[in-house]
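Student: I would like a close look at one part of this structure, taken slowly. Could you start from one pair of residues and work outward to what lies around them?

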Amino acid sequence: MNANTDSTAELRELYRELILDHARSPRNFGKLDGTTHRAEGINPLCGDKLKLYLCIDDEGRISDAAFEGSGCAISVASASLLTERVIGLDLDAALGIADSIVGSLTGRPGDEDAPDLGKLIALQGVREFPSRVKCATLAWHAMDAAIRQRGESVSTE
Ligand code: ZN
């Protein structure tokens with residue numbers, strides 16, 4: 001037993017609840033009127049496919065976000081959590097969170113100025129299932145591509 005036992009169990013429980021909740025009833029699911037930026041994400045390993053839509057206003061703020069597509073519970077829940085979190089953020093803040101999420105899921109050492117992830121920290125529960133990490137990062141890669149307008153499609157492979 002070590003001092004982390006409780007928080008690990010809590011994280012696991014939070015992860016399970018969040019994924020189930022958002023996979024069952026995804027937030028901001030569907031097309032988005034007035035989309036200014038979009039990208040498609042594909043994870044061939046699992047068969048996850050999603051389209052991410054953003055409305056970015058003149059001040060460089062994400063005024064709305066939505067997604068559609070199909071995939072496993074983790075990919076859908078992660079996209080749902082993403083849209084919920086980034087609406088209202090400016091682009092730097094949204095990119096910072098995406099970078100921090102992808103970093104924390106892929107085991108990149110955290111950086112001291114990393115933004116507060118709030119409940120998104122629960123996504124780290126996926127690290128127990130290494131083959132599913134790409135399901136969880138897919139939407140965040142797609143958002144990064146959409147904001148940077150690197151073209152229409154990103155693939156985890
Ligand atoms: Zn998946």
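Tutor: Start with Ile42, which stands opposite Ser155 in β4. The model is a predicted one, and what follows describes that model. Strand β4 covers residues 153-155 and pairs with β1 in the parallel sense, over three bridges.

Now stay with β1 itself, the strand made of residues 37-43. Its side chains alternate between two faces. His37, Ala39, Gly41 and Asn43 point to one face and are buried. Arg38, Glu40 and Ile42 point to the other face and are not buried. Ile42, our starting residue, therefore belongs to the face that is not buried.

Before β1 comes a loop, and Asn28 sits there, between α1 and β1. Asn28 has a positive phi of about 55°, although it is not a glycine. Its relative accessibility is 32%, so Asn28 counts as partly exposed. Helix α1 covers residues 5-24, and Leu18 has its place in it. Leu18 counts as buried because its relative accessibility is 9%. Along the chain, Leu18 and Pro130 are 112 residues apart, while their C-alpha atoms are separated by 18 Å.

Go back to β1 and follow the chain forward. The next strand is β2, residues 48-56. β1 and β2 form a hairpin with four residues between them. In that turn, Gly47 has a positive phi of about 90°. The two strands run antiparallel and are joined by seven bridges. One of the partnerships is that of Ala39, whose bridge partner in β2 is Leu52.

How many of the nine residues of β2 are buried? The number is seven, so β2 is largely enclosed by the rest of the structure. After β2 comes a second hairpin, formed by β2 and β3 with five residues between them. Gly60, in this turn, has a positive phi of about 75°. Strand β3 takes in residues 62-70, runs antiparallel to β2 and is joined to β2 by eight bridges. Two places show how the residues line up: Lys49 stands opposite Ser70 in β3, and the bridge partner of Lys51 in β3 is Glu68.

The loops around these strands bring us to the zinc ion. Its protein donors are Cys46 (SG), Asp48 (OD), Asp48 (OD), Cys72 (SG) and Cys135 (SG), at 2.2 to 2.6 Å from the ion. Asp48 is thus listed twice among the donors. In sequence the donor residues are spaced C-x1-D-x23-C-x62-C. Cys46 and Cys72 link distant parts of the chain, 26 residues apart. Cys46 is in the loop between β1 and β2, and Cys72 is in the loop between β3 and α2. The two cysteines can be told apart by accessibility. Cys46, at 35% relative accessibility, counts as partly exposed. Cys72 has a relative accessible area of 15% and is buried, because buried means under 20%.

Beyond Cys72 lies helix α2, residues 73-86. With 14 residues at 1.5 Å a residue, α2 should span 20 Å, and its end C-alpha atoms are 20 Å apart, which agrees. Eleven of those 14 residues are buried, so α2 is largely enclosed by the rest of the structure. Among the buried residues are Ile74, Ser75, Val76, Leu81, Leu82 and Val86. Just after the helix, Gly88 takes a positive phi of about 95°.

The last feature to place is an empty space. Rolling a probe the size of a water molecule over the atoms shows where such space is left. The structure holds one cavity of 30 Å³ or more. The volume of the largest cavity is about 50 Å³. Which residues line it? They are Asp48, Lys49, Leu50, Phe67, Gly69, Ser70, Gly71, Ser75, Val76 and Leu138. β2, β3 and α2 each supply at least two residues of this lining. By class the lining has four nonpolar, four polar and two charged residues.

Some names now come up in more than one place. Asp48 is a donor of the zinc ion and also lines the largest cavity. Lys49 and Ser70, opposite each other in β2 and β3, are both in the lining as well. Ser75 and Val76 are buried residues of α2, and the lining includes them too.

Conventions: Residues numbered from 1 in each chain as written. Predicted model: local features only at pLDDT ≥ 70, side-chain atom pairs only at ≥ 80, totals over all residues. Heavy atoms only, no water. Buried < 20%, exposed > 50% of the residue type's maximum accessible area, 1.4 Å probe, protein only. Pairing = 2+ DSSP bridges. Expected span 1.5 Å × (residues − 1). 1 Å grid on protein atoms, 1.4 Å probe; cavity = no way out; pocket = protein on both sides within 12 Å on 5 of 7 lines; lining within 4 Å. Points joined across faces, edges and corners; volume = space filled by probe spheres on them. Nonpolar A, V, L, I, M, F, W, Y, C, P; charged D, E, K, R; others polar. Donors = N, O, S within 2.8 Å, 3.2 Å for Na, K, Ca; no water.
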